[in-house]
Structure formats: structure tokens, C-alpha cells
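Dear colleague,

I am passing a structure on to you, and below it you will find some notes to read alongside it. Please keep the two side by side as you go.

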Amino acid sequence: MSQAIERLNRELSAMAPPLEGGCLCGAVSYVVTATPIWSGHCHCRACQKLSGAPFVSAFSVPAAAFSCQGEIHQFQRQAASGNLVTTSHCAACGARIFAQSTGNTSMVNVLATTLRDASVFRPVGNVYLSEAAPWIEPPPALFNFQKMPPRPD
């Protein structure tokens, strides 16, 4: 397991800040000033329905290291955990930019496809494989979870 943790740290360190991105139309932009602490693909039904895709790729950063400019609209839903998840979209083009859960308000989950240079994204895990679309093979990853893994305390 220590080799996997070492690789996790290498992959996430490769996503060196600043990380910049924004929406499709350019009305919303963001800057991340810290290295992500997690990255991966979520296969839950909510992400599938919100994106129209079989999974969503995202990375997690400290909320204090995330700044966003531009008008956003928010959508709230209840997660399986009972926490509220707020997803923020560009008010003009509707592109999903980031999400945050009441279960961990110190973190922001940024959608990887919104990165200015998406080639810097290094996914390390898959979550909610129990809800994965049956017509695709999930991407290979260091860590795979059937649901959301428990948050380390």
C-alpha cells in the first residue's frame, strides 16, 4: 500500500499550482493556488445526470486555495450521505465549474474538464463504481471504491 500512496503523492504533486480554468463561454474563471489532495472519476448517478456523461472527472482542493470570478448559479441536491452538495454553474453558458458538500466545507471539487490545460489532470481514483454505466469500462486507477470512501479524520 505504501507504493500506492507514494504514487498518489507523485501524481497529485504533478498538478502544480497555479491551476487555472473556467467555463465554455469565458464568463467564469478560477484560480487554484494549492496542490490537489484528491483527483478522480465519480460514477454516481447524480454526476451522470448532471453531466450527461457516464462519469465526471474532478479534483479536490482546499476551499481557501480556490477563487472564482464571474456570475454563477447554484444547484443543491442531497447526497447519499445526507449532506447537501452545491454545484456551481456559469450563469451564461451553464457549464458546471465546481461543487462543495456540507460534509466537508473546507474542500472544493473542481471539474477537471474546466482546466485551461486539461493535460495537467492526473486522476488517481474512481468512486461510486457500484453505479457505473454498464456500457463503459471505468478508467484504470490506483484506488477504486464502490461508494464514496470514508473521510479520514
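How many residues lie between S1 and S2 in the hairpin that they form? There are six, and Gly26 in the turn has a positive phi of about 90°. Before going further, please bear in mind that this is a predicted model, in which local features need pLDDT of at least 70 and side-chain atom pairs count only at pLDDT 80 or more, while totals for chains, interfaces and linings use all residues. Residues are numbered from 1 along each chain as its sequence is written, and side-chain values use heavy atoms, with hydrogens and water left out. Helices (H or I, at least four residues) and strands (E, at least two) are DSSP runs, numbered from the N terminus, and two strands are said to pair if DSSP finds at least two bridges between them.

To return to the hairpin, S1 and strand S2 (residues 29-32) run antiparallel and are joined by four bridges; Gly21 stands opposite Tyr30 in S2, and Gly22 stands opposite Ser29 in S2. These strands belong to an open sheet of three strands, in the order S1-S2-S5, with antiparallel pairing. Strand S1 (19-22) and strand S5 (66-69) each have a single partner strand and stand at the edges, so one side of each is left without a neighbour in the sheet.

Strand S3 (38-42) has two pairings to look at. With S4 it pairs in the antiparallel sense over five bridges, whereas three bridges join S3 to strand S10 (residues 125-127), and these two run parallel. His41 takes part in both, since its bridge partner in S4 is Ser57 and its bridge partner in S10 is Asn126. S3 is mostly covered, with four of its five residues buried (buried means under 20% relative accessible area, exposed over 50%, and partly exposed in between, with a 1.4 Å probe and protein chains only).

Helix H1 (residues 2-13) has twelve residues and reaches 16 Å from its first C-alpha to its last, close to the 16 Å expected at 1.5 Å a residue (the expected span is 1.5 Å times one less than the number of residues). In H1, Ala4, Leu8 and Leu12 are buried, and, seen down the axis, the buried residues of H1 fall within an arc of 65°, so they line one face of the helix (the arc is that of the directions from the helix axis to the C-beta atoms). Ser2, Gln3 and Arg10 are exposed on the other side of H1, while strand S3 and strand S11 (143-144) are among what covers its buried residues.

The largest nonpolar core holds 17 residues, of which Tyr30, Val32, Phe59, Val61, Phe66 and Val110 touch the most other members (such a core is a set of buried Ala, Val, Leu, Ile, Met, Phe, Trp, Tyr and Cys residues joined through side-chain atoms within 4.5 Å). S2, strand S4 (56-62), strand S8 (96-101) and strand S9 (107-111) are the elements that give two or more residues to this core. A second, separate core of seven residues includes Cys42, Cys47, Val127 and Tyr128.

Finally, Asn109 is found in strand S9 and is partly exposed, with a relative accessible area of 29%. Leaving aside neighbours within four places in sequence, Asn109 is in contact with Phe59, Ser60, Ile97, Phe98 and Ala99 (contact means heavy atoms within 4.5 Å).

With best wishes
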